[in-house]
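Colleague: I am new to this structure. Could you walk me through how to read a few of its features?

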Amino acid sequence: SDHFLSHQLYSAGFLFVWFLEKRGKRGVGWIGSLGILLGYTIGYIGIQGWPQFPPSDPSTGWFVYIGLTALIFSLAESGWKNRWWVVIIGRAIFTLSVCLIMLSPLVRNIWSMPETIFRVVTFTVISLVFWNIIDSIKKVLSPGLLGLFLTIFVAVESILILLSHSILLAQLVGLVAAAMGALTAVNWVFPRVSSDSTMTGLVSVLIIVHAMSAVSYADMPGWSALLLAAAPAAALLIWRRGHSTKERVFGFLVSLAIEGIAIVLTFITLS
């Protein structure tokens, strides 16, 4: 039912974009990002109830707030495109803040100072690299193919988290996959809907925080998350070599193969 609500919300977004297109409006790419966040929020409320502030459960309670902040940050970032160093510094501060917020109970009560520094820095660096990879893939794929790629990727993440014994986290990631799937369907008709960089920023952050929670609070092995992150990295290396149909298909197949390996190894390890 939560996925159904996400699709219904996106159907309304579809009609709104159609209206803007017919009116000749420009710059409607951010609507795709807003639809993803709203669809996720409605599904989250259906599963978890209204998000509290501050959350009683830090492993899942920050997701809506982080998603909203990521959307605002990505919209602001669109004005920094010609200043790459500002983008890097901004993302570093943002991801570091997210890590400290998400992991605060572990930082206060469990980890030593050296372990805290190591884990937070590791999470921050990996998050920055992953975010940049998804951003780079956006530049080499059409909006429709990018949506398809991300929908599959998030669905695989949901499966890996489910195998890591967290049904709740898997459901929440499934909401992102449902919203991405709806966006992809809309995008085949209106390519500009997801052409805005806010979409890749928002989805990257949602992918990162759910994986971070699964690794830190559930049973997801760190290597499983790294193997999953390697899938888009491998595809990007192939797509940077050329843009032919053969290379596009090969990139998708390599990515799917790595994701499949991640699922099998995670299942074997945790079963």
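Modeller: Happily; we will look at helix lengths, buried residues and a helix pair. This is a predicted model, where local features need pLDDT of at least 70, side-chain atom pairs count only at pLDDT 80 or more, and totals for chains, interfaces and linings use all residues. Residues are numbered from 1 along each chain as its sequence is written, and side-chain values use heavy atoms, with hydrogens and water left out.

Colleague: What span should helix α3 have?

Modeller: Helices are DSSP runs of H or I, at least four residues, numbered from the N terminus. The expected span is 1.5 Å times one less than the number of residues. For the 15 residues of α3 (63–77) that gives 21 Å, and the end C-alpha atoms lie 20 Å apart, which agrees.

Colleague: Which residues of α3 are buried?

Modeller: Buried means under 20% relative accessible area, with a 1.4 Å probe and protein chains only. Among them in α3 are Phe 63, Ile 66, Ala 70 and Phe 73. An α-helix has 3.6 residues a turn, so residues three or four places apart point the same way.

Colleague: How do α6 and α7 pack?

Modeller: Axes are lines fitted to C-alpha atoms over the stretch in contact (heavy atoms within 4.5 Å), and angles run from 0 to 180 degrees between N-to-C directions. Helix α6 (113–140) and α7 pack at about 145°, with axes 10 Å apart. Phe 130 and Ile 134 of α6 are among the residues making the contact, as are Leu 146 and Phe 149 of α7.

Colleague: Where is Ser 166 found?

Modeller: Ser 166 sits in the loop between α7 (143–163) and α8 (167–187). With a relative accessible area of 12%, Ser 166 is buried.

Key
Helices (H or I, at least four residues) and strands (E, at least two) are DSSP runs, numbered from the N terminus. Buried means under 20% relative accessible area, exposed over 50%, partly exposed in between (1.4 Å probe, protein chains only).
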